Amino acid sequence: MDLPPFDLKLIKKDILIGIAECEKRCLLQCSKWLVELNHGLSETTVERTGNATFQHMHSGIDDAEYDDYLLAKSYFLVREYDRSAFFTRNCSSPVPKFLHLYATYMSKEKKRLDNMIDSSVVSTVNHARDFSELLTILRTEHSEQKLDGYCLYLYGVILKKLELTEMAVRVFVEAITAEPMLWSAWLELAPLVSDKRMLQRLEVPEHWMKSIFEGYTYIELFQNDEGIKIFEHLQKNGFGKCIFIPTLLAIAYSNKRDVDRSIDIFQHLQSVDPYRLDNLDSYSNLLFVKDMKTEMSHLAHKVVEINKYSAETCCVVGNYYSIRADHYKAVMYFQRALKLNPRYLSAWTLMGHEFMEMKNTNAAIQSYRQAVEVNKRDFRAWYGLGQAYEILKMTFYSLYYYKTAQQLRPYDSRMLVALGETYEKLDKIYDALKCYQKAHSVGDIEGVALFSIAKLYEKQGEIEKAIPAYLSFCSDEKLIADKASLCHAYITLGNYYDKHEDFDKATHFAYKCLDFEDTKREAESLLKTIASKRAQRQATALAAASSAAPSKAAGTSAAPEKTADADATTDAYGEDMDMDETNLSKGIDDAAGEEETASEELAPTSTTMPEFPMEDSYDIN
């Protein structure tokens, strides 16, 4: 990907124009983002006096409509949207016209949220009815090509709410082409981009804002390496102090499970802008993953002091109670966050996790479904739905949700293992093996893929294929969290090598099992069996060697004598082969006595008896 060079002076002029245009139209979030970006470029100076940039401060407003516009703008800023829309109803110049449409939209949205009986449901059923009048106006003017970039953006937002995705994408692209500095339009377009190919096919203008949009969208698509490359390039080329850039880098590293690096970036951002609440929910999630209770406590107290009634604050406090295993209070704070912002994705997903901890599966499913309504790319919500339906033993539902999560995170071993386990329950052994093998190849996060492969082979009776997988699984036992799986692997390996009479390896794995209470008795039994087999093998070897030595010493002795001796030997040892372990020692002594007598009769000149090395017996008690 070839990244273009940047002219920082030209960029700053564009930003200043964008700020002026957004402030005139009361697009507060977009204006805030542009102002932060401008502050990050503070080392780049632009002449303010006599600059054409500042002529945009009052453009787009007719003189006859200026007083009405100022009144309407003041009402909008204090959230009196109906009054704002009323005083601009007859305005035709671009800025007051947009303010009228935007105030009408905000009034409808505010009333819809205020009238919701249950704020824990994100419903899109009534959108068509709520916005029908506004939609008719915008559709008519769009067909007549009377909408400017800002009105096109508003039209796209309504189409997106109505889930008219293809039309919304086209309208947002038109809005961006007309007004490249309208970051809100880029931001609304990003979730509608389904994959990398679609992103590369978008016909958006070759503007410097396109680089930021592509980096942001790559991270949304979990193409983290591409996003990191773009933002690191921006950092090196003048955007190093723009707080938005390192925030996205921290999220990208978090997606790559480089948690420590992500936490370091968030801590640096806290030192640069200590009162910033944006994205602190992501930071608190990382502290939760690392079980950093002290840091979580400090963060929770800090955000409460900054703004107690912010959705981000409620989410952080919810995580604080969750890390303390106080799940009821955690749910309460996540619900508060959703009352403040019903489309707050993190709160929906985290509340689903809390309900799962509380064994309230139905409530968890409801929360996860709402999270998917807000953002269909939230793999955590899809994965949570898979887990919930797995608990309910609805395997085909579980398979569907795990598949969706795996498509969103194709290289996440957790999704692959969950998918493999579901296939295994459905007796789709080949598909399950493929999932486990891919999970192992992409880097098994939880360290269970090899064990699952081995156990599946064992279940199918293919023990020869299972043993290499068990050996690989046991190669670094310190990294294995599930000790039950480890001891199962050890006892299986011990029994396998015992069956194949590789007693050294069998003993090694049997002794490993003694460390686990669950397999201690089985391991003791195995060690007794191994000791018995060793003794039997030694007795057999001793008998064979002792019968061979007298035969050699006799030299040319008659064949009948050899036969008699052989029969005697067979009689002496044949019964001993069936002896149990308690009588084994006595049998060996008797056999040794008979050997000594036979040797003296056959070779009277020999004064010493050949010695046979005996292995130490194992004390298994």
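**Close-up views of a predicted all-chain model**

Trp208 is found in helix 12. The model shown in these views is predicted.

**Figure 1. Surroundings of Trp208 in helix 12****.** Trp208 has a relative accessibility of 10% and therefore counts as buried, the limit being under 20%. Leaving out residues up to four places away in sequence, Trp208 touches Phe6, Ile11, Asp14, Ile15, Leu37, Met181 and Phe239. Pro180 lies 28 residues from Trp208 along the chain, and the C-alpha atoms of the two are separated by 8.9 Å.

**Figure 2. The largest nonpolar core and Trp183****.** The largest nonpolar core has 185 residues, and Trp183, Trp208 and Phe239 are those with the most contacts inside it. Helix 8 (residues 149-161) supplies nine residues, the largest share of this core. Domain 1 (399-480) and domain 2 (482-539) each contribute at least three residues to this core. Beyond its neighbours within four places in sequence, Trp183 is in contact with Cys30, Trp33, Met209, Ile212, Phe213, Tyr216 and Phe244. In soluble globular proteins, nonpolar side chains tend to be buried together.

**Figure 3. Helix 14 (residues 244-255) and the helices that cover it****.** The twelve residues of helix 14 reach 17 Å from the first C-alpha to the last, close to the 16 Å expected at 1.5 Å a residue. Eleven of these twelve residues are buried, so helix 14 is largely enclosed by the rest of the structure. The buried residues are Phe244, Ile245, Pro246, Thr247, Leu248, Leu249, Ala250, Ile251, Ala252, Tyr253 and Asn255. Their cover includes helix 2 (28-40), helix 10 (183-189), helix 12 (208-220), helix 13 (224-239) and helix 15 (259-272). Arg257, which follows helix 14, has a positive phi near 65 degrees.

**Figure 4. Helix 26 (residues 449-459) and its cover****.** Helix 26 is mostly covered, with eight of its eleven residues buried. Ala449, Leu450, Phe451, Ser452, Ile453, Ala454, Leu456 and Tyr457 are the buried residues of helix 26. Among the elements that cover them are helix 24 (413-425), helix 25 (429-441), helix 27 (463-473) and helix 28 (483-499). Gly461, just after helix 26, takes a positive phi of about 80 degrees.

**Figure 5. Two spans annotated as TPR repeats****.** The unreviewed UniProt entry carries the annotation "repeat: TPR" for residues 311-344 and 345-378. Residues 311-344 are 79% helix and 0% strand, with their end C-alpha atoms 8 Å apart. For residues 345-378, the end C-alpha atoms are likewise 8 Å apart, and the chain is 79% helix and 0% strand over this span.

**Figure 6. The protein chain and its low-confidence stretches****.** The protein chain has 32 helices and zero strands, and buried residues make up 47% of its 621 residues. Of the contacts between residues at least 6 apart in sequence, 57% join residues at least 24 apart. The average pLDDT of the chain is 82, and 83% of the residues score at least 70. Over residues 556-589 the pLDDT stays under 50, and the model has 20 contacts beyond four places in sequence for this stretch. Residues 591-621 also have a pLDDT below 50, with 23 contacts beyond near neighbours in sequence. Where pLDDT is low, the predicted coordinates should not be read in detail.

Methods: Residues numbered from 1 in each chain as written. Heavy atoms only, no water. pLDDT = per-residue confidence, 0-100. Contact = heavy atoms within 4.5 Å. Core = buried A, V, L, I, M, F, W, Y, C linked by side-chain atoms within 4.5 Å. Buried < 20%, exposed > 50% of the residue type's maximum accessible area, 1.4 Å probe, protein only. Helix = DSSP H or I, 4+ residues; strand = E, 2+ residues; numbered from the N terminus. Domains from an automatic or database assignment. Expected span 1.5 Å × (residues − 1). UniProt positions renumbered as here; feature names shortened; annotations may be inferred.
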